[in-house]
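Colleague: Got a minute to go through this one with me? I'd like to hear the reasoning behind the labels as well as the labels themselves.

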Amino acid sequence: MPVSLSDLEAAIRNAIPVAHLEIDDQSSGCGENYAVLIVSEAFEGKSTLARHRFINEVLKAQIAQMHAFSQTFTPKQYEAYLQKSS
């Protein structure tokens, strides 16, 4: 069964404090492939691998029904990312 965008967003927001969240359904609406950009203080001090493992655990039920996500950022990393993009 596909995962709805609203269910995915609720699972993330209920699990961690979110400073910024972007969810992109890359499966043309079928809910099987999402790219997720999460900015959270919960990632401070964690390596990229540790952040991805953390999110994999938080979204275990949802990921079992879809493909994974694209990125996670600390607030400082997201600011740097935005500055590079502009």
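What follows is a short talk about how this predicted model is described.

Colleague: Let's start with the overall layout. Which elements does the chain have, and in what order do they run?

Modeller: There are four helices and three strands. Reading from the N terminus, the order is α-β-β-α-α-β-α.

Colleague: What makes the chain as compact as a globular protein of that length?

Modeller: Its radius of gyration is 13 Å, and the globule rule gives 12 Å for 86 residues. Those two values are close, so the chain counts as being as compact as a globular protein of that length. Along the principal axes, the C-alpha atoms fill a box of roughly 35 × 25 × 20 Å.

Colleague: And how much of the chain is buried?

Modeller: Buried residues account for 31% of the 86. As for the outside, the chain exposes about 5200 Å², with carbon and sulfur atoms supplying 50% of that area.

Colleague: Where does the largest nonpolar core get its residues from?

Modeller: That core has 14 residues, and Leu8, Ile12, Ile23, Tyr34, Val36 and Ile38 are the ones with the most contacts inside it. Helix 1 (5-15), strand 1 (20-25) and strand 2 (34-39) each contribute at least two residues to this core.

Colleague: Now for single residues. Why is Thr74 called buried?

Modeller: Thr74 has 6% relative accessibility, and the label buried applies under 20%. The value falls under that cut-off, so Thr74 counts as buried. Thr74 sits in the loop between strand 3 (71-73) and helix 4 (75-85).

Colleague: Which residues does Thr74 touch, leaving out those up to four places away in sequence?

Modeller: Val39, Ser40, Phe43, Glu44 and Arg51. Ala50 is 24 residues from Thr74 along the chain, and their C-alpha atoms are 12 Å apart.

Colleague: Gln62 has a polar-sounding name to find on a buried list. Why is Gln62 called buried?

Modeller: The relative accessible area of Gln62 is 17%. Buried means under 20%, so Gln62 gets that label. Gln62 is part of helix 3 (residues 60-63), and beyond its neighbours within four places in sequence it is in contact with Val3, Leu8 and Ala11. Leu8 also turns up among the core residues with the most contacts.

Colleague: What about Ile63, which lies in helix 3 too?

Modeller: Ile63 touches Ile55 and Asn56, again not counting residues up to four places away in sequence. Pro2 is 61 residues from Ile63 along the chain, yet their C-alpha atoms are separated by 10.0 Å.

Colleague: Why does Ala10 count as partly exposed?

Modeller: Ala10, in helix 1, has 34% relative accessibility. Partly exposed covers what lies between under 20% and over 50%. The value for Ala10 falls in that range, so partly exposed is the label. From Ala10 to Asp25, 15 residues along the chain, the C-alpha separation is 15 Å.

Colleague: And Glu32: what makes that one partly exposed?

Modeller: The same kind of check. Glu32 has a relative accessible area of 42%; exposed would need over 50%, and buried under 20%. Neither applies, so Glu32 is partly exposed. Glu32 is in the loop between strand 1 and strand 2, and its C-alpha is 15 Å from that of Asn56, 24 residues away in sequence.

Colleague: Last one: how many charged side chains of each sign are there?

Modeller: The chain has 7 positive and 10 negative side chains, and the centres of the two sets are 11 Å apart.

Key. Residues numbered from 1 in each chain as written. Predicted model: local features only at pLDDT ≥ 70, side-chain atom pairs only at ≥ 80, totals over all residues. Heavy atoms only, no water. Core = buried A, V, L, I, M, F, W, Y, C linked by side-chain atoms within 4.5 Å. Buried < 20%, exposed > 50% of the residue type's maximum accessible area, 1.4 Å probe, protein only. Contact = heavy atoms within 4.5 Å. Rg over C-alpha atoms; globule rule 2.2 N^0.38 Å. Areas by Shrake-Rupley, 256 points an atom, 1.4 Å probe, with all protein chains shown as cover. Lys, Arg positive; Asp, Glu negative; His and termini not counted. Charge placed at Lys NZ, Arg CZ, Asp CG, Glu CD.
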